[in-house]
Structure formats: C-alpha cells, structure tokens
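Q: Hi! Could you walk me through this structure?
A: Happy to, let's pull it up.

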Amino acid sequence: MFIMTIHLNCYSSQAADLIIERSQTPKARPDQTNLVFGTVFTDHMLTIEWTSTGGWEEPHIKPFDNLSLHPACSAMHYAVQLFEGMKAYRDADDKVRLFRPMLNMNRMAKSAQRACLPAFDKAELVECIKKLIQLDQEWVPKSNSASLYIRPTFLGTEPSLGVKKPSRALLYVILSPVGSYFSTGAKPVSLWADSKYVRAWKGGTGDCKMGGNYGASIYAQYEAVDYGCQQVLWLYGDDHQITEVGTMNVFLFWTNEEGEEELSTPPLDGVILPGITRQSILELTRKWGEFKVCERHLTMADLCCALKERRVKEMFGSGTACVVSPVGRILYQGENLHIPCQEDGPQLASRLMKELTDIQVRSLTHRFKMNGVYSTALVKRY
C-alpha cells in the first residue's frame, strides 16, 4: 500500500534498485532527554547522483560520511542548492511514521525547478527515505517530545565556474534525532521587528526552501539577539507587512476589524514559504469551524491597533522543527509590544500542538479520513 511508482522519464531513480551498504561501526545512541537540534546524526545516509547524460544513478544507502565535492562545485559558488525538513515519529504502537511526506516532496520539486536542478520521482524518493529510516529505525526517539529529523538536500555539482544550469547534481538525505528546536522549549519567544533587513521579496525565492534564504538571514538574527530578542519578525514593504517569524510561518489569533474571531496568516504571494505545518493548521482549524480562518496581509499597524484595542488573543509561529511556538513579545520601533495570551496560557497554540502531536505520535488519523490530508505514512520494519 505504500509503494507508489511514478515513471517520469529515463531520469527516474527507482527504490527497487537501492543499494544498501551497512555500517560496520554503529554509533552509540544519544540521551533522548538532552537532544540538541541537528547536532547528532544516525549511522547511515542516502545518496543519489544525477548527470545530464546518464540521468539518475541507483540510490545508495551507505555509512554516514563526509561528501567529496569538486572545488568549483556550483552549489558552493552560486548557491545552486536546496533542502527539505521532515520528521519521523514513533507512535503509541511503536511504529514509525512520516507526517505528510508527499507535501515535502511537492515543495522540494518546486524548489528544484526554480534552482534549475533536475526533476525527480517524488514517490520513489519517499520510498528510498523509508528504507533509510528502516535501517536506522532504532534512532527514532521513543518520546512524545522528540523525533527523527529528516534532511533531504539537493546540490548542483557542476564542476566549473560558469553560471549555468548544472550538468551534474547530488541528492542526499541525512537523519538526526532531535528534541525541542528552541532551548526555552515551549515558552513564548521574543521577536525583533525592523524593516532594516528583508527575508524575501516578490519575484525572488522566498517561497522555495533554498539554503541562500537562510544564510542571508543569520546576520539579522544576531542583531535581534543584541536587542535582547530570540528571533526576527520579518517585515516587507513600506507598510511593514508581517511575513514570517525567524524560519517559521506566523499566525495571529485575534478579533478582526469587523468584530469577528479570526485566525489569520499571510497569503502565499511569493514571499512566504508554503509550510507543511502551516497548511496543516489551516486545514485543521477550518475543519473545526469554530472561528474565521483566512490568509490575508497583516501589517504592524494592524497589529499595533489591535493590541491597543485589546483585540489580540495569541500570536505564534509554525514549522516542522518547532511545530508551534507562541510569541510573547515584539520589539518594534523602540517599543516592547506584549502579546497577550488567553487565560492559563496560549490556549489555541497549545491545542494545535496537542492535535498535531496526536496525529504525528499517537496516530489519531481516524478523524481525518474524509479527505485524508492528515494521513501519515507508515515506515515498515524489517
């Protein structure tokens, strides 16, 4: 039921051709209660190479190791590179599951097209990733607060300094057991909002998951820390549109200008990354039918006015790494804007975290069988 073979063309890489080389020196498993995000990696990795003349080669699972790249590699010189972020969870029945992996594959394919990297068979790549996780399944934490982070990465490996579409590419996947993304755990984060730096712009690559988007944001992140904040609230345009929170999508739960209870998030207008968690939150809350849910432009003027009139209920970020992260304070134009929470904490953010965790970890997918959007993909054991 989990094999989906889609033959795109001669460039399709088939999971049936997968070569597996097991590590002879397995590493000790880390302490699950003290996992630092993205610092520990499993025993194996998946690599698949591509050339314009030969297409995709056989996928290869091999012991985790360094890459060997040509010094003129286009990924290093011209940022012909992209990545994805996914997670595997261990459910209540001790089975390992992926959360909506085809959505990640769809986004990765879109990013690849924008980066002039070759098309790939999305379903076959998911099957290869499942095989990798099967091999390293003991690395999947047995915890509701920890998971196995999956990092598919796609590099242009053109061995020349010409600015052009690469004739060679490497797609690889590594795995890392992770705990909370933020050192503060689920506590509300503080944000620095300033139009001095821009994360993305119309016509750019802000809606693709490319490494260059993140590398260019690090400088602003450290300036936010200098101002006593944990993350950047990215603004866009002369009207200071609210776009994203650090590396997360952003949501505002408030009473809108018409007096309606509303959950809103910026629209996918080319500036916003189409987050998998973002989409899941929109679909989930629309299914509840308890309040208005919309995608709309929000400005700092809208937020300041709503705060002044006590119409803001909660604000939070969403993403694969953190899932849901409440916002507690925003530093904007020299003023600290305190974001209120409903009684007993951020109730909507907490509810969403629980609902998503129930789906991811406890496999409570029966409620969503009508449209199947929350179904998880089971990773079979050997």
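A: One definition to begin with: the expected span of a helix is 1.5 Å times one less than its number of residues. Also keep in mind that this is a predicted model.

Q: Good to know. So how far does helix α8 reach from its first C-alpha to its last?
A: Helix α8, residues 347-360, reaches 20 Å with its 14 residues, close to the 20 Å expected at 1.5 Å a residue.

Q: And which residues of α8 are buried?
A: The buried ones are L348, A349, L352, E355, L356, T357, D358, I359 and Q360.

Q: Is there a general reason to look at helix positions three or four apart? What's the idea?
A: An α-helix has 3.6 residues a turn, so residues three or four places apart point the same way.

Q: Switching to strands: is β6 buried or exposed?
A: Buried. Five of the five residues in β6, residues 86-90, are buried, so this strand is largely enclosed by the rest of the structure.

Q: Which residues sit on which side?
A: M86, A88 and R90 lie on one side, with K87 and Y89 on the other, and both faces are covered.

Q: What does β6 pair with?
A: Strand β8, residues 147-156, pairs with β6 in the antiparallel sense over three bridges. Strand β7, residues 96-99, also runs antiparallel to β6, joined by three bridges.

Q: Which residues face each other there?
A: K87 has Y149 of β8 as its bridge partner, and Y89 stands opposite R97 in β7.

Q: What about the turn between β6 and β7?
A: The two strands form a hairpin with five residues between them, and D94 in that turn has a positive phi of about 65°.

Q: New topic: what does UniProt list for K209?
A: An unreviewed UniProt entry lists K209 as "modified residue: N6-(pyridoxal phosphate)lysine". That annotation may be inferred rather than shown by experiment.

Q: Where is K209 found, and is it buried or exposed?
A: K209 is in the loop between β10 (189-193) and α4 (211-215). K209 counts as buried because its relative accessible area is 10%, and the cut-off for buried is under 20%.

Q: What does K209 touch?
A: Leaving out residues up to four places away in sequence, K209 touches L82, F83, E84, G85, R107, S111, Y214 and L273.

Q: Last one: where does Q113 lie, and is it buried or exposed?
A: Q113 lies in helix α2, residues 101-114. Q113 counts as exposed, at 65% relative accessibility.

Q: How far is Q113 from C208?
A: C-alpha to C-alpha, Q113 and C208 are 9.7 Å apart in space, with their positions 95 residues apart in sequence numbering.

Technical notes. Residues numbered from 1 in each chain as written. Predicted model: local features only at pLDDT ≥ 70, side-chain atom pairs only at ≥ 80, totals over all residues. Heavy atoms only, no water. Helix = DSSP H or I, 4+ residues; strand = E, 2+ residues; numbered from the N terminus. Buried < 20%, exposed > 50% of the residue type's maximum accessible area, 1.4 Å probe, protein only. Pairing = 2+ DSSP bridges. Contact = heavy atoms within 4.5 Å.
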